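Open your viewer, switch on a cartoon view, and keep the selection box handy. This tour tells you what to pick at each stop and what you will find there.

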Amino acid sequence: MNDYRISKYIKKVFETPSDRFSEWFGYYNYDTLTSNHRKLLCNRITEDGVPPRADLKVEVGYYEIPSGEWHHVGFSDSWNWQQGCMAQWLSDDEIIYNTSENNHHIAIIYDTRTGNDRKIDWAVYGIMPGGKKSITLDMERAHWCRAYHYQSVKDKSKDGFIFEGDGIFEIDLVSNTRRRIISIQDILSLDPKPYFTKAKHWLEHIMINQDGTKFCVLHRFSSVTNVYSYKTRLIVIDASTLEMQSIDGWENTQWSHFGWNGNDFAIYAYPTREKVNEKDFEPNDKIKSGPFQLRYKPKFSMTLFVKMIARNVLPTRALLKMKGGITTYQYYTQKQNKKYCLQRVFDVDPFLTDGHPSFTPDGRYMITDTYPDKYHCQRLYVYDLQTSKYLLLGAFNAYYDKNPASCDLHPKLSRDGMTVVVDSAHDQKHHMLVLDLDWNLIKKQISQYE
């Protein structure tokens, strides 16, 4: 029996079939399916639960649905468990993914029709609508920061408090050219604080909105000796004018996972009463790196799942992860003066623990997951923004809970909003599951006003 349960509101239409490989995609907010839902983009590897190594390559390819036929695309040594190698569909026929060559990160574009590929001279991150441009970061700088990074390139010249050449870049995928559109100095000069000069600074998590008119980035900074104890600013950027806006409240808030809903967005927040101060950036010899170790396989029972389905007994898990506040999603809208302001907080029970949000094309529903609870169970939810009602769609055993090879569900909503793809390591092996959403049943349950 598999260690996961799905509700009547979704239907599993495909699960990666290999017994030999562990298969996953990684990050959320990317559609792993072609527009007809017949091809599923995937990373796979023969080892599981191990730290990424420079000599350990993942295979990139796609599965035909429903036949399960595998199509090899290439290999990558530039990957991690949380984001894969940034493999993405540029169109229904072209795939892009990161790898390295001559001690430098690059990207490869593969044509599924011809089997030919071509090189892009830098690693990619987010892809703009149309598949012609990428908004990206310097992944070689990321190696020296807390940011999710790759082990295949270690350029020591990019270490330090800041790297002068760091910033946000635009890559033209047609002409294979790159230009820096925002420098790290631009970021630091936006609402600067005196303690910025004492900190190590880097950028993470480019997220582009659905129509490509805006994108965001997380500006993170820490003491130079402990990048695992960092502070976060959320920067929203207009894609045409490059006008930047630092979202208010960051000195009392630690932000994590972000999801665009048109021009609005939701982000998970860890509020605190204590403001950032200069002492946070004093050198500290106690570096919190954390060992890479395997955990036991936790027990997962049908009884627990039944309790989770029963909404009236779902436990309230008000996680006080940072002193002075309850963690939850914050939802921001842009006012007439273009300033983003907090509009509402999603404070119902499922959203008191961190997750990875995405929104349906009509903007009404949020699909998200949760980090594992004390029972090592992670959940998949749908939430109606109009009625403030939610449904539990599934529950999954988190085998690699609190392990650097942890497998978040990372729900990846298809562009038409009809299907969600999740990663799961419920049985000590990474899988991908393709789940169709029964919107008639979902709407009947949570979208009718009483």
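## Stop 1: a salt bridge across the chain

Select Arg 415 and Asp 31: the two form a salt bridge, with their closest N and O atoms 2.9 Å apart. This pair ties together distant parts of the chain, as the partners are 384 residues apart. Arg 415 sits in the loop between strand 27 (412-413) and strand 28 (419-424), while Asp 31 sits in the loop between strand 3 (22-24) and strand 4 (39-45). Is Asp 31 buried or exposed? With a relative accessible area of 16%, Asp 31 is buried, since the cut-off for buried is under 20%. Please remember as you click around that this is a predicted model.

## Stop 2: other salt bridges

How many salt bridges does a search of the whole structure find? The total is 26. Two further pairs are worth a click.

- Pick Asp 373 and Arg 379, whose side chains meet in a salt bridge at 2.8 Å, N to O; both residues are buried.
- Now pick Lys 119 and Asp 121, joined by a salt bridge at 3.9 Å, N to O. Lys 119 is partly exposed at 36% relative accessibility, and Asp 121 is partly exposed too, at 28%.

Then show Glu 47, Arg 53 and Asp 55 together: salt bridges with shared partners join them into one network.

## Stop 3: a buried asparagine

Go to strand 4 and select Asn 43. This residue is buried, with a relative accessible area of 1%. Which backbone oxygen lies 3.0 Å from a polar atom of the Asn 43 side chain? That oxygen belongs to Phe 25. Leaving aside residues up to four places away in sequence, Asn 43 also touches several others, including Trp 24, Glu 59, Gly 84 and Cys 85.

## Stop 4: an open sheet

Next, colour strands 1, 26, 25, 24 and 23, which form an open sheet in that order with antiparallel pairing. Strand 1 (4-6) and strand 23 (358-359) each have a single partner strand, so one side of each has no neighbour in the sheet. Zoom in on strand 1 and strand 26 (residues 389-397), which are joined by three bridges. Here Ile 6 has Gly 394 as its bridge partner. Add helix 4 (residues 439-446), which lies across strand 24 (365-369), strand 25 (377-384) and strand 26. The helix runs at about 125 degrees to strand 26.

## Stop 5: a hairpin and its neighbour

Select strand 19 (residues 253-261) and strand 20 (residues 264-271), an antiparallel pair with seven bridges. Thr 253 stands opposite Pro 271. The two strands make a hairpin with two residues between them, and Gly 262 in the turn has a positive phi of about 70 degrees. Strand 20 is mostly covered, with six of its eight residues buried. Now add strand 21 (residues 328-334), which runs antiparallel to strand 20 and is joined to it by five bridges. Look there for Tyr 268, whose bridge partner is Tyr 329.

## Stop 6: the nonpolar cores

Finish with the largest nonpolar core, which has 77 residues. Show Ile 168, Ile 206, Leu 234, Phe 258 and Phe 265, the residues that touch the most other members. Strand 16 (residues 214-223) gives the most to this core, with five residues. Centre on Ile 168 and look for its contacts, among them Ile 135, Leu 203, Phe 215 and Ile 237. Then move to a second, separate core of 20 residues, which includes Leu 391, Val 422, Leu 435 and Ile 446.

Terms used: Residues are numbered from 1 along each chain as its sequence is written. This is a predicted model: local features need pLDDT of at least 70, side-chain atom pairs count only at pLDDT 80 or more; totals for chains, interfaces and linings use all residues. Side-chain values use heavy atoms; hydrogens and water are left out. Two strands pair if DSSP finds at least two bridges between them. Helices (H or I, at least four residues) and strands (E, at least two) are DSSP runs, numbered from the N terminus. Contact means heavy atoms within 4.5 Å. Axes are lines fitted to C-alpha atoms, for helices over the stretch in contact, and angles run from 0 to 180 degrees between N-to-C directions. A salt bridge is a side-chain nitrogen of Lys or Arg within 4 Å of a carboxyl oxygen of Asp or Glu. Buried means under 20% relative accessible area, exposed over 50%, partly exposed in between (1.4 Å probe, protein chains only). A nonpolar core is a set of buried Ala, Val, Leu, Ile, Met, Phe, Trp, Tyr and Cys residues joined through side-chain atoms within 4.5 Å. A polar contact is a pair of N or O atoms within 3.5 Å; within protein, one must be able to donate a hydrogen and the other to accept it, and residues adjacent in sequence count only if both atoms are side-chain atoms.
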